[in-house]
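Let's take a walk through this fold, stopping at a salt bridge or two before turning to the sheets. Keep the viewer open as you read.

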Amino acid sequence: MSLDEKLDRVLTRARELEARLASPDNFDSDEFRRLSKELSELAPVVESVGTLRRIRTELADAQAMAAESAGEMRELAEEEAATIEARLPDLERAVMLQLLPRDEADARNAILEVRAGTGGDEAALFAAELFAMYQRYAQLHGWRFETMEVSENEIGGYKEAIATISGNSVFARLKFESGVHRVQRVPVTESQGRIHTSAATVAVLPEAEEVDIAINDNDLRIDVYRSSGAGGQHVNTTDSAVRITHLPTGVVVTQQDEKSQHKNRAKAMKIMRARLFDLERGRRDAERAADRKSQVGSGDRSERIRTYNFPQGRVTDHRINLTLHKIDKVMTGEALDDIVDALIAEDEAERLATIS
């Protein structure tokens with residue numbers, strides 16, 4: 001199907017929706033909301049199609065004038081045609097991007113999970129730095145970053161840390177961060193100055209609502225126990241910590257940051273819903289795209305996606321072969337957008353290739 005045929009289908013569907021919504025008495029309120037939402041989502045596409053076709057008409061007019069004119073008028077018409085023609089590819093690409101199937105989770109908030117991998121204490125220290133990087137990145141975007149759970153080791157590293165990030169298009173911008181992040185540097189515990197390689201895993205899950213995932217209470221085992229920690233304020237004297245196990249999948253969530261058992265349970269269920277929702281999304285994606293080989297967007301956390309080489313001051317994302325020689329700015333979140341934008345552009349290019 002050509003691009004113009006696809007555009008005609010969009011315009012036809014928009015007209016159909018407008019006609020149906022003009023007679024709301026013919027269907028119930030749920031269908032009215034569904035059709036209204038579909039029309040509102042099509043509205044910017046319809047506007048872009050109108051702009052594209054107007055520009056094409058202007059190009060045809062300029063080309064016709066150039067063919068019919070002579071002298072200075074012809075030169076002006078040819079110049080105008082060239083200017084318009086240069087704009088067309090970007091306009092067509094923008095319209096095609098709007099036609100791509102949308103990830104319904106893109107507009108959602110996200111749950112960030114960072115865990116130390118291979119490398120002992122050094123991996124835990126790196127996990128803590130990654131967690132801080134995403135916290136600063138969230139602040140730069142005006143997002144709300146709420147720490148849900150932190151499990152520290154004796155030297156301030158994080159064995160595991162979980163946070164919720166709320167704001168505009170959080171999941172859309174962070175979803176490609178899921179994977180294994182590798183660090184190469186001389187650990188603070190290394191006395192002979194040797195470079196070590198360690199790793200941490202990052203998981204970014206779309207926050208799930210209760211309506212997204214139906215969890216049967218009979219499928220849950222809930223254990224309460226006395227929280228433990230590094231000492232002092234981290235230790236409660238009551239059984240406020242909560243461990244929830246989803247028996248059908250084996251997913252386990254623990255929460256002990258709050259002194260209230262009720263609050264810990266609520267937080268644990270929030271994380272549980274997100275993990276089960278992510279499992280379901282992964283199953284559906286695998287069924288729909290079993291033959292898609294792209295690592296970008298696959299969310300395969302077994303893959304090493306990025307290396308942070310401190311001695312050389314560089315960060316390399318292996319999925320798109322992008323290397324930045326500004327590791328300090330990446331770790332403060334300032335230059336993370338350079339990587340995120342490149343990953344989004346690559347994903348868009350790959351998806352465009354499947355429909356062109």
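Start at Asp341, which is partly exposed, with a relative accessibility of 39%. Its salt-bridge partner is Arg173, and the two side chains meet at 2.6 Å, N to O. Arg173 itself counts as buried, at 18% relative accessibility; the cut-off for buried is under 20%, so Arg173 falls on the buried side of the line. Now look at where the two residues sit: Asp341 belongs to helix 8 (residues 336-355) and Arg173 to helix 5 (residues 170-174), so this pair ties together parts that are 168 residues apart in sequence.

Before going further, a word on what you're looking at. This is a predicted model, and its pLDDT averages 84 over the protein, with 89% of the residues scoring at least 70. Two stretches deserve some caution. Over residues 230-236 the pLDDT stays under 50, and the model gives that stretch eleven contacts beyond four places in sequence. Residues 291-302 are also below 50, and there the model has 24 contacts beyond near neighbours in sequence.

Back to the charges. Side chains of opposite charge can pair when their charged atoms come close. The count for this model comes to 25 salt bridges, and a few are worth clicking on. In helix 2 (residues 29-68), Arg34 and Glu31 are three residues apart, which means that about one helical turn separates them. Their side chains form a salt bridge, with N and O at 3.7 Å. Both ends are partly exposed: Arg34 has a relative accessible area of 46%, and Glu31 has 22%.

For a pair that links distant parts of the chain, go to Glu160 and Arg115. Glu160 is in strand 3 (residues 158-166) and Arg115 is in strand 1 (residues 110-116), 45 residues apart. The closest N and O atoms of this salt bridge are 2.8 Å apart. Arg115 is partly exposed, with a relative accessible area of 23%.

What about the strands that hold this pair? Strand 1 and strand 3 pair in the antiparallel sense, over six bridges. If you want a spot to zoom in on, take Leu112, whose bridge partner in strand 3 is Ala163. Zoom out again and you'll find an open sheet of eight strands, in the order 2-3-1-5-4-9-10-11, with mixed pairing. At its edges stand strand 2 (144-152) and strand 11 (322-324); each has a single partner strand, so one side of each is left without a neighbour in the sheet. Neighbouring strands here are turned by 15° against each other on average, direction ignored.

There's another sheet to visit. This one is open too, with three strands in the order 6-7-8 and antiparallel pairing. Strand 6 (220-225) and strand 8 (251-255) are its edge strands, each pairing on one side only. On average, neighbouring strands of this sheet are turned by 15° against each other, direction ignored. Six bridges join strand 6 to strand 7 (residues 241-246), and these two run antiparallel. Look there for Asp223, which stands opposite Arg243 in strand 7.

Key:
Residues are numbered from 1 along each chain as its sequence is written. This is a predicted model: local features need pLDDT of at least 70, side-chain atom pairs count only at pLDDT 80 or more; totals for chains, interfaces and linings use all residues. Side-chain values use heavy atoms; hydrogens and water are left out. pLDDT is the predictor's confidence in each residue, from 0 to 100. Contact means heavy atoms within 4.5 Å. Two strands pair if DSSP finds at least two bridges between them. Helices (H or I, at least four residues) and strands (E, at least two) are DSSP runs, numbered from the N terminus. Axes are lines fitted to C-alpha atoms, for helices over the stretch in contact, and angles run from 0 to 180 degrees between N-to-C directions. A salt bridge is a side-chain nitrogen of Lys or Arg within 4 Å of a carboxyl oxygen of Asp or Glu. Buried means under 20% relative accessible area, exposed over 50%, partly exposed in between (1.4 Å probe, protein chains only).
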